[in-house]
Amino acid sequence: MGTLNGFSQSASVLSHDGVDDRDTLAIRTALEEVLDPDIGRTLGALGAVHSIEVHDDTVHAYLLLHAPLHFVAERINYACKEAISRVVPASSVEIFVQERLPERASNRPLPQVKHIIAVASGKGGVGKSTIAANIATALARKGAAVGLLDADIHGPSVPTMFGLEHAELHGRKNEHGQFIGYPLEKYGVKLVSMGFVMGRDQAAIMRGPMQAGYLSTFIEQIEWGELDYLLFDLPPGTGDIQLTMAQRVPLTGAVIVTTPQNLALADVRRGISMFNRVNIPTLGVIENMSYYILPDGSRDYIFGQGGGERIAQEMSVPFLGEVPLNINIRRGSDEGMPAVLNDQAPLQQKALMELTAKIAAEIRRRSATGQQSPTVEISL
Ligand SMILES: Nc1ncnc2c1ncn2[C@@H]1O[C@H](COP(=O)(O)OP(=O)(O)OP(=O)(O)O)[C@@H](O)[C@H]1O
Ligand SMILES: [Mg+2]
């Protein structure tokens, strides 16, 4: 086990009134049987129970859990408290958690970012930027520190989607005379876009090498700070530009957005293959504009049902969910407030929240199965 900053190395037990060594052993056993809902294994099997201490009449349980935890913390906390209360009903319980993160090179770009996700699509116009904006906002709503980088340098959409059309990127010169930019921030999401640097029309005529130059600046010269997630809204397609961008940063994985039509689905295959070729895991497929919600609440699958799910199965990647074709989602994008914040649109909100939770769960699942010796880095 790595260093355990912030809490005791000792797994020994301080016995106090009411709770003795035998109880503590029973508490450990009970905790070890709690299931991690994302990973589908017990805390015991995951080696997640670090230690148990008793202070006065309070049980302190220290856990090591795979990050990111925003969507699952409450459930695990509840399950653990319940398991402990069954052993020592009269004691109060506190659960302390430290995150486990996959081992990574210390000299990688963006060292302060825990999870980097590319949002990609084979085709243009499938709602990739809309979905990226909503995922970022959903994560922030859950308390995560989130950044969204509009890497679609030709056709930036973040300024419109976050109601920041006239905002400009500000910065300072560092000691080497290099420009360091500060992201803008809205709804708790840190934002960088070409739209904050130049007008859409100017951006549209930029050539490849210039685009790549700007993108490097956005990756290397922005003061993102500590982030749980950084999302890249990639330009549509699966060409060299996308591939180069995907390789320039240590991606946790890619999320592919598609619409249900066969033509779009064919491009999903290409997208997943592209990421496979460079060993970037596909975290899953999202089907956007899947169905229309009729006035009676039933769903009309205008473009056919189940296409996204089938293609995900065929390519052996998770299916993350369906997002309805809906005026609140369109309006949210055009009016600068992602639909996931719109409490008047609960069905859309639920669909967007659920797929974001699935992305987080998939990162945790991969983290638990993909690496033997996680490093323990961050204290909660
Ligand atoms: N689920 C949805 N329901 C209704 N409208 C949607 C939905 N998703 C996206 N849209 C609308 O479709 C249009 C295209 O969406 P968006 O710009 O997000 O697509 P994109 O894939 O990023 O496009 P591009 O390829 O140009 O980058 C926008 O007007 C957006 O508001
Ligand atoms: Mg877009």
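**Asking why, one residue at a time**

Mentor: Let's start with L110, a partly exposed residue with 17 other C-beta atoms within 10 Å. Keep in mind that this is a predicted model.

Trainee: Okay, but why is L110 called partly exposed?

Mentor: Set the count against the cut-offs: 20 or more would make a residue buried, and 12 or fewer would make it exposed. L110 has 17, which falls in between, so "partly exposed" is the label.

Trainee: What is unusual about the phi of L110?

Mentor: That phi is near 55°, a positive value in a residue other than glycine. You'll find L110 in the loop between β5 (92-101) and β6 (113-120).

Trainee: And S316, how do you know whether it is buried or exposed?

Mentor: Count again: S316 has 8 other C-beta atoms within 10 Å. The limit for exposed is 12 or fewer, so S316 is exposed. S316 sits in the loop between α9 (307-314) and β16, and its phi is near 55°, again a positive value in a residue other than glycine.

Trainee: What about L347, which label does it get?

Mentor: L347 has 13 C-beta neighbours inside 10 Å. Exposed stops at 12 and buried begins at 20, so L347 counts as partly exposed. L347 belongs to helix α11.

Trainee: Which residues does L347 contact, if we skip its neighbours within four places in sequence?

Mentor: Those are I293 and P324. As for V323, 24 residues from L347 along the chain, the two C-alpha atoms are separated by 9.5 Å.

Trainee: Let's move to α3. What makes you say that α3 is largely enclosed by the rest of the structure?

Mentor: Being buried takes 20 or more other C-beta atoms within 10 Å. In α3, 14 of the 14 residues are buried, so the helix is largely enclosed.

Trainee: How do you know what span to expect for α3?

Mentor: Take 1.5 Å times one less than the number of residues. For the 14 residues of α3 the expected figure is 20 Å, and the helix reaches 20 Å from its first C-alpha to its last. After α3 comes G143, with a positive phi near 100°.

Trainee: Why are α3 and α11 called roughly perpendicular?

Mentor: Two packed helices are described by the angle between their axes and the distance between the axes. Here the axes come within 9 Å and cross at roughly 80°. Angles from 65 to 115 degrees count as roughly perpendicular, so that is what α3 and α11 are.

Trainee: Which residues meet there?

Mentor: From α3, N134, I135, A138 and L139; from α11, L352, M353, T356 and I359. By class, that contact has six nonpolar, two polar and no charged residues.

Trainee: Now ligand 1. How many residues surround it?

Mentor: There are 21, and the closest are G124, G127, S129, T130 and R330. The elements that give two or more residues to that shell are α3 (128-141), β14 (282-293), β16 (319-325) and α10 (327-335). The largest share, four residues, comes from α10.

Trainee: What classes of residue make up that shell?

Mentor: Six nonpolar, eleven polar and four charged residues.

Trainee: Last one: what joins A67 and P68?

Mentor: A cis peptide bond, with omega about 0°. P68 lies in the loop between β4 (58-66) and α2 (73-87).

Conventions:
Residues numbered from 1 in each chain as written. Chains lettered and ligands numbered in written order. Predicted model: local features only at pLDDT ≥ 70, side-chain atom pairs only at ≥ 80, totals over all residues. Near = placed C-beta within 6 Å. Nonpolar A, V, L, I, M, F, W, Y, C, P; charged D, E, K, R; others polar. Axes fitted to C-alpha atoms, helices over the stretch in contact; angles between N-to-C directions. Parallel < 35°, antiparallel > 145°, perpendicular 65-115°, else oblique. Contact = placed C-beta atoms within 7 Å.
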